Amino acid sequence: MGEALVLVRNLEKSFSGEKILGGITLEANRGEVVGIVGPNGTGKSTLVKILAGVERPDSGEALVRGKLSLVYQEDYLLPWKRLRDNLCLGLRFRGGDCDSLPIAKRLMIDRFLDKYPKEVSGGTRRKAAIARALLFDFDVLILDEPLTGLDTESKDTLLSIIEELAESGKAVLIVSHQLEELFRVAHRVYVLNGRPAIVTKVLRKEELGKGAV
Ligand SMILES: Nc1ncnc2c1ncn2[C@@H]1O[C@H](COP(=O)(O)OP(=O)(O)OP(=O)(O)O)[C@@H](O)[C@H]1O
């Protein structure tokens, strides 16, 4: 097993006195694609925000080793910047060249690069948010509902990219309700359930896709 790049131990979080996360423990290793599934409101996005450092846990640990790139459930594209400039935020930060963007071509959004976010479809905005995250330099990629709104070809492309990232030694953590697609790429899937949420099942590669949830 590879080195753990995401480590969550006994993580607890309450909002307004109500416990949402009731002691979550999970990990994602170098070279792994790990899924998190669970009903609406279980606390999956809260877990992602704690890993990102934008929410503070009440107790327990949530660690990311190395550089993190993240796609939130909301696209958070800057409305006053064209897609190209949105995509290039990370690249320019590192002094990179933004003229040719192969990832935009691969995700089939290259013809929209001169448009503003409000001028393109929801699926195109989603792919732009994903492309922006992929253009950062990272060890760990966390994707919160990346497949929502994507057409079949775009989903297939994104799943191929995710597999390649894992093969190149990144850890990829995906929150998704799209179980069939998630199970195609995940090495392990954590099932969260209940209020407060706990991990009720861990599905391994060999069990995935067999109606195990
Ligand atoms: N900042 C906050 N303040 C108060 N309550 C919050 C806050 N953030 C999340 N919650 C509550 O915590 C619960 C878990 O929300 P969260 O968005 O993490 O769930 P989720 O599993 O990602 O849901 P979904 O599948 O619908 O995306 C919800 O009841 C939500 O209203």
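**View 1. Helix 5 lies across strand 5 and strand 6, and it runs at about 180° to strand 5.**
Angles like this one go from 0 to 180 degrees and compare N-to-C directions, using axes fitted as lines to C-alpha atoms (for helices, over the stretch in contact). Helix 6 also packs on the sheet, where it touches strand 3, strand 6 and strand 7. The direction of helix 6 makes about 145° with that of strand 7. The names helix and strand stand for DSSP runs counted from the N terminus: H or I over at least four residues for a helix, E over at least two for a strand. Keep in mind that this is a predicted model, where local features need pLDDT of at least 70 and side-chain atom pairs count only at pLDDT 80 or more, while totals for chains, interfaces and linings use all residues. Residue numbers start from 1 along each chain as its sequence is written.

**View 2. Here we zoom in on Ala 129, which sits in helix 5 (residues 122-134).**
Is Ala 129 buried or exposed? Ala 129 counts as buried because it has 24 C-beta neighbours inside 10 Å. The cut-offs go like this: 20 or more other C-beta atoms within 10 Å makes a residue buried, 12 or fewer makes it exposed, and anything in between is partly exposed, with C-beta atoms placed from the backbone. Skip the neighbours within four places in sequence, and Ala 129 is in contact with Val 71, Asp 75, Tyr 76 and Leu 77. "In contact" means that the C-beta atoms of two residues, placed from the backbone, lie within 7 Å. Take Asp 75: it is 54 residues from Ala 129 in sequence, yet the two are 5.5 Å apart in space, C-alpha to C-alpha.

**View 3. Strand 6 (residues 140-144) is largely enclosed by the rest of the structure, because five of its five residues are buried.**
In a regular strand, side chains alternate between the two faces of the sheet. In strand 6, Val 140, Ile 142 and Asp 144 point one way, while Leu 141 and Leu 143 point the other way. Strand 6 runs parallel to strand 5 (residues 68-71), joined to it by four bridges. One of the paired residues is Leu 68, whose bridge partner in strand 6 is Val 140. Strand 6 also runs parallel to strand 7 (residues 171-175), this time with five bridges. There, Asp 144 has Val 175 as its bridge partner. Strands pair when DSSP finds at least two bridges between them.

**View 4. Pull back a little and you see an open sheet of six strands, in the order 5-6-7-3-8-9, with mixed pairing.**
Strand 5 and strand 9 (198-204) stand at the edges with a single partner strand each, so one side of each has no neighbour in the sheet. From one strand to the next, the twist averages 15°. Further along, strand 3 (residues 33-37) pairs with strand 8 (residues 188-193) in the parallel sense over four bridges. In that pairing, Ile 36 stands opposite Tyr 190 of strand 8.

**View 5. This one shows the largest nonpolar core, which has 63 residues.**
A nonpolar core is a set of buried Ala, Val, Leu, Ile, Met, Phe, Trp, Tyr and Cys residues joined through C-beta atoms within 7 Å. Which residues touch the most other members? They are Val 6, Ala 131, Val 140, Ile 142, Leu 173, Ala 186 and Val 189. Helix 5 gives the most to this core, with six residues. The core lies between domain 1 (1-67 + 138-213) and domain 2 (79-137), because both give residues to it. Those domain bounds come from an automatic or database domain assignment. As for Val 6, its contacts beyond four places in sequence include Leu 51, Val 64, Val 140 and Leu 173.

**View 6. Last stop: some backbone oddities.**
Most residues other than glycine have a negative phi, and most peptide bonds are trans. Now look at Asn 10 in strand 1 (residues 4-15): its phi is positive, near 50°. Glu 145, in the loop between strand 6 and helix 6, has a positive phi too, near 55°. Glu 145 counts as partly exposed, with 19 C-beta neighbours inside 10 Å. Finally, a cis peptide bond, with omega about 0°, joins Arg 195 and Pro 196. You'll find Pro 196 in the loop between strand 8 and strand 9.
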